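Hi,

Here's the structure I promised to pass on. Have a look at it first, and my notes are underneath.

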Amino acid sequence: MQVLAAEVVSITPLTEFVHKVILKPEEAVQFEAGQYLQLVLGEKDKRAFSIASSPSKTEQLELHIGASGADSYAMQSLDHLRNAFDTKQTVALEVGLGVSQIRVDQARPLVLLAGGTGFSYVKSMADHLAETGYDQPVLFYWGVKEESALYAKAEMETWAASNKHFQFIPVVENASETWKGHRGFVHQAVMKDIVSLEPYSIYMAGRFDMIGIVRDDFINHGAERDFMYADAFAFIK
Ligand SMILES: Cc1cc2nc3c(=O)[nH]c(=O)nc-3n(C[C@H](O)[C@H](O)[C@H](O)COP(=O)(O)OP(=O)(O)OC[C@H]3O[C@@H](n4cnc5c(N)ncnc54)[C@H](O)[C@@H]3O)c2cc1C
């Protein structure tokens, strides 16, 4: 783990509820794709956020913070970052945390599964796989409540077009009549598309209640527990 100070370069809205934050650390960062950082608000108050950028980008870190509700975990973090931006102060970070980083040496087909802002976790891995020319199938599923939450749809379609092994599958829970893709919960779309998850390594991020359900449903659908990765597992039963 690296402890460092970082300048807040920008905070820009991606949707009504999700913000992109760019941080410039005072030294080059080192982490693996799929790891997270902690924003240090106080000695005992550290907030976890996945790093959206690829590890090859050592000069800047990108975060996607989904903040609604004035007093929420994420909104307080965003306020802390905004205050640092306005006052030109640095923020304290602990970088390179988690045990759910990508394992490319397994040479297995991959399911990358994101619910909402869990997208951030999966995005770093997707970019890393593209940069390193991964040659196994990679199925990137991104589930959101409304179509308007698919803020990086065009970017991920470009990612998928860059490698014949990659597919991007957006899934909208409350889709409009004109939506042509999958509807409902994102993990149910995975189970519709894939007969057995047995050969796959599966990486996932999203709400804790979602991750518990997905873990159990996927195991019933053939997935091997030893090849399922989510840092949320450390926080749930
Ligand atoms: C290590 C770590 C890193 C984190 N990183 C971030 C981060 O980078 N950014 C951030 O904002 N927060 C982060 N968090 C906090 C937390 O994970 C997020 O609050 C969560 O991912 C946000 O989901 P959402 O509200 O966007 O999803 P929602 O919009 O509520 O849901 C999106 C989709 O998820 C699926 N889903 C949701 N609930 C269920 C369910 N009960 N059953 C089945 N499917 C369901 C559906 O497909 C739904 O459409 C992190 C937490 C930890 C511990």
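I started with strand β7: L110, L112 and A114 point one way from it, V111, L113 and G115 point the other way, and all of them are buried. Bear in mind throughout that this is a predicted model. The alternation is what you'd look for, because side chains in a regular strand switch between the two faces of the sheet. Put as a count, six of the six residues in β7 (residues 110-115) are buried, so the strand is mostly covered, with buried meaning under 20% relative accessible area.

Next, the neighbours of β7. It runs parallel to β8 (residues 138-144), and six bridges join the two. In that pairing, G115 sits opposite G143 of β8. To get from β7 to β8 the chain goes through helix α2 (residues 119-132), and this β-α-β crossover is right-handed. β7 also runs parallel to β11 (residues 201-205), this time with five bridges. There, V111 faces I202 of β11.

Now the ligand, which is probably your part. It has 26 residues around it, and those that come nearest are H64, G66, K145, E173 and R207. E173 also makes a side-chain contact: one of its N or O atoms is 2.7 Å from a ligand oxygen. Two contacts involve the backbone instead: a polar backbone atom of S50 is 3.0 Å from an oxygen of the ligand, and a backbone N or O atom of V186 is 3.1 Å from a ligand oxygen. On its own the ligand has 990 Å² of accessible area, and the protein covers 83% of that.

Cheers

Key: Residues are numbered from 1 along each chain as its sequence is written. This is a predicted model: local features need pLDDT of at least 70, side-chain atom pairs count only at pLDDT 80 or more; totals for chains, interfaces and linings use all residues. Side-chain values use heavy atoms; hydrogens and water are left out. Buried means under 20% relative accessible area, exposed over 50%, partly exposed in between (1.4 Å probe, protein chains only). Helices (H or I, at least four residues) and strands (E, at least two) are DSSP runs, numbered from the N terminus. Two strands pair if DSSP finds at least two bridges between them. A crossover is right-handed if, with the strands pointing away from the viewer, the path from the first strand over the helix to the second runs clockwise. A residue is near a molecule or strand if one of its heavy atoms lies within 4 Å of it. A polar contact is a pair of N or O atoms within 3.5 Å; within protein, one must be able to donate a hydrogen and the other to accept it, and residues adjacent in sequence count only if both atoms are side-chain atoms. Accessible areas come from the Shrake-Rupley method with a 1.4 Å probe; for residues, only the protein chains shown count as cover.
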